[in-house]
Amino acid sequence: MRTYLEFEKPVAELQAKVQELKAMGESGDAVAIGDEIARLESRASQALADIYSKLTPWQKTQVARHPDRPHFVDYQRALFDEFTPLAGDRKFGDDQAVVAGFARFRGRPVAVIGQEKGNDTESRIRHNFGMARPEGYRKAVRIMELADRFGLPVVALVDTAGAYPGIDAEERGQAEAIARSTEACLKLGVGNVAVVIGEGGSGGAIALATASRVMMLEHAIYSVISPEGAASILWRDKSRAQDAATNMRITAQDLVRFGVVDTVIPEPLGGAHRDPDAVLTATGDAIAASLAALDGLPADEIRRQRREKFLAIGRNL
Amino acid sequence: MNWINDVVRPKIKSLLNKREVPENLWVKCPETGEMVFHRDLEANHYVMPNSGYHMRMGAKKRLGHFFDGGEYEAIPLPEAAADPLRFRDERRYTDRLKDARTKTGLQDAILVGAGAVEGVAVVAAVQDFDFMGGSLGMAAGEAVIAGAEAAVARGVPFVMFAASGGARMQEGILSLMQLPRTTVATLSLREAGLPYIVVLTNPTTGGVTASYAMLGDIQIAEPGALIGFAGPRVIEQTIREKLPEGFQRSEYLRDHGMVDMVVHRHQLRPTIARLCRFFRPQAATPALAAPESLPAPLEEAAAAE
């Protein structure tokens, strides 16, 4: 059973009719019904194309958070062979909101770091809904340093509403952990690429997305604060999230314009969740192209380019 | 009708302001309610004389109080793009900026000065909470970078007085980009072999703590300052529990190993000067310079042969 979003209602209605006809077709005049089904299905896909060609930032927010949207674990299975996760920050614990380790990407060894939200109650709790604690970022730092030592590029897949706001996270230095992870990205003498596959939530995202190449899926969002958070602070009204989403410019298309994102990875019609295989392949190709562009650069040059890229952001607006 | 708006309104405003002045002469201690005459408070570096409560301190005042004789050279700060998002919440961002500039006399939330502290040359940056909550946007990010660059150019330590509610939401993703950008600045200090000292003042939260404010070689906090990544209200709403006493205060951070020391404002100058002297490039020290001070190992080596 597909989950339809509020604004996908016209498509849902057409698809419901198709289902109805299909059920009828099993008993009645198969030919006439077959024509009608084809007609309705083409109308449904046209409606979907129309809706998705002009998604508002708030609608994109819902697509980016869609429960059926491919998560880190799907990318990891499709793109990374011999994935070997490593646990723990060697200081306090292991945080499953960040999954990290080493794997082969199209034959070559790489470090993989991803934020995983989980896809059912049990896994969501295990991954804390993708909201990392300090241990998650410290694990990421450990893996980055290891990758740097052995000359392996780092691939980060970003999908988080933000770093976890809890007492334990604060008392173990959430802010410092995020800052050190950003710093670790900037110190890497190997290339790193980051892909925002769903939500890029604030400091929790930049800690992994300070990368030589930053990419974003077509309907992903990347933002300094969630639209709901901005609404409750700036408008003092959570229901203004739609306005906040629009005003903050959180879409891939806007962020390319600001020079924050290098590449937008196209999603299949109707969003990544409608054809996961297509988006996994497209993401793999984009990662491969970004890594290829960084291959062979000396460590100092990689560091210099990454720093200058970030220093240049905003200077020509 | 326009001339009425233009001409009459300012007069009314100035009348209102006049009425406010007498109230501002006395400042109330938020802890004890004690009333202190504003000149006495300033003379005491904005610390309440009886309770020791550290009031917020504006950027200009802070620089004046920090440097020897109140003298310093203002480091010129680059201008940043104005409102590239054309952001508007209940008000236009450009209007909020204008108000903040009028209110504080600052161009944005950070000022940078170069001078001496107990004779030690340093560059210091100060974040002013009165300027839109000390929020970190493009201009403030550029100021941190310019401050670190000035310190590197002069070969002197960099001192950062942080005070901020976090990233400036009206600049959207461009404010978030100040986290990596300011982190580049802290790395340039380290690579130049210069100490970076952070003084966390009340309050320092959000994206500022998730970047340059937590990356100091030495982390100092003023007493009682609220310091944390997530604001206490957000945490309370998330976990639906009351927060423990003293949570996210300077002393709590020190007890949890997150800052090196909690230092009274009156002790900041000597403390920072002393630290900077420790880290100053050392002239050849006598013990290392004189080889005859290490005779024992040579004799042992000879004996072993």
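**View 1. Trp26(B) is partly exposed in this predicted model.** Its relative accessibility of 45% puts Trp26(B) in that class, because partly exposed covers the range between buried (under 20% relative accessible area) and exposed (over 50%), taken with a 1.4 Å probe and protein chains only. Trp26(B) sits in strand β1 of chain B, residues 26-28; strands are DSSP runs of E, at least two residues, numbered from the N terminus.

**View 2. Leu25(B), Trp26(B) and Met35(B) make up a nonpolar surface patch.** Together they offer about 290 Å² of accessible area, computed by the Shrake-Rupley method with a 1.4 Å probe and only the protein chains shown as cover. Such a patch joins nonpolar side chains (Val, Leu, Ile, Met, Phe, Trp, Tyr) within 5 Å, from residues with over 30% relative accessible area and no salt bridge.

**View 3. Here domain 1 (6-54) of chain A meets domain 2 (61-311) of chain A.** The bounds come from an automatic or database domain assignment. Six residues of domain 1 contact eight of domain 2, with heavy atoms within 4.5 Å. About 600 Å² is buried between the domains, 67% of it on carbon and sulfur atoms; this is the accessible area (1.4 Å probe) that both parts lose on being put together, summed over both. Phe7(A), Leu48(A) and Tyr52(A) supply 70% of the area that domain 1 buries here, more than any other three residues.

**View 4. Glu8(A) and Arg274(A) form a salt bridge.** Their closest N and O atoms are 2.9 Å apart. The rule asks for a side-chain nitrogen of Lys or Arg within 4 Å of a carboxyl oxygen of Asp or Glu, and finds one salt bridge across this domain interface.

**Notes for all views.** Residues are numbered from 1 along each chain as its sequence is written, and chains are lettered from A and ligands numbered from 1 in the order written. Local features need pLDDT of at least 70 and side-chain atom pairs pLDDT 80 or more, while totals for chains, interfaces and linings use all residues; side-chain values use heavy atoms, leaving out hydrogens and water.

How values were computed:
Patch = residues over 30% accessible without salt bridge, like charges linked within 9 Å, V, L, I, M, F, W, Y side chains within 5 Å. Helix = DSSP H or I, 4+ residues; strand = E, 2+ residues; numbered from the N terminus. Buried area = accessible area lost by both parts, 1.4 Å probe.
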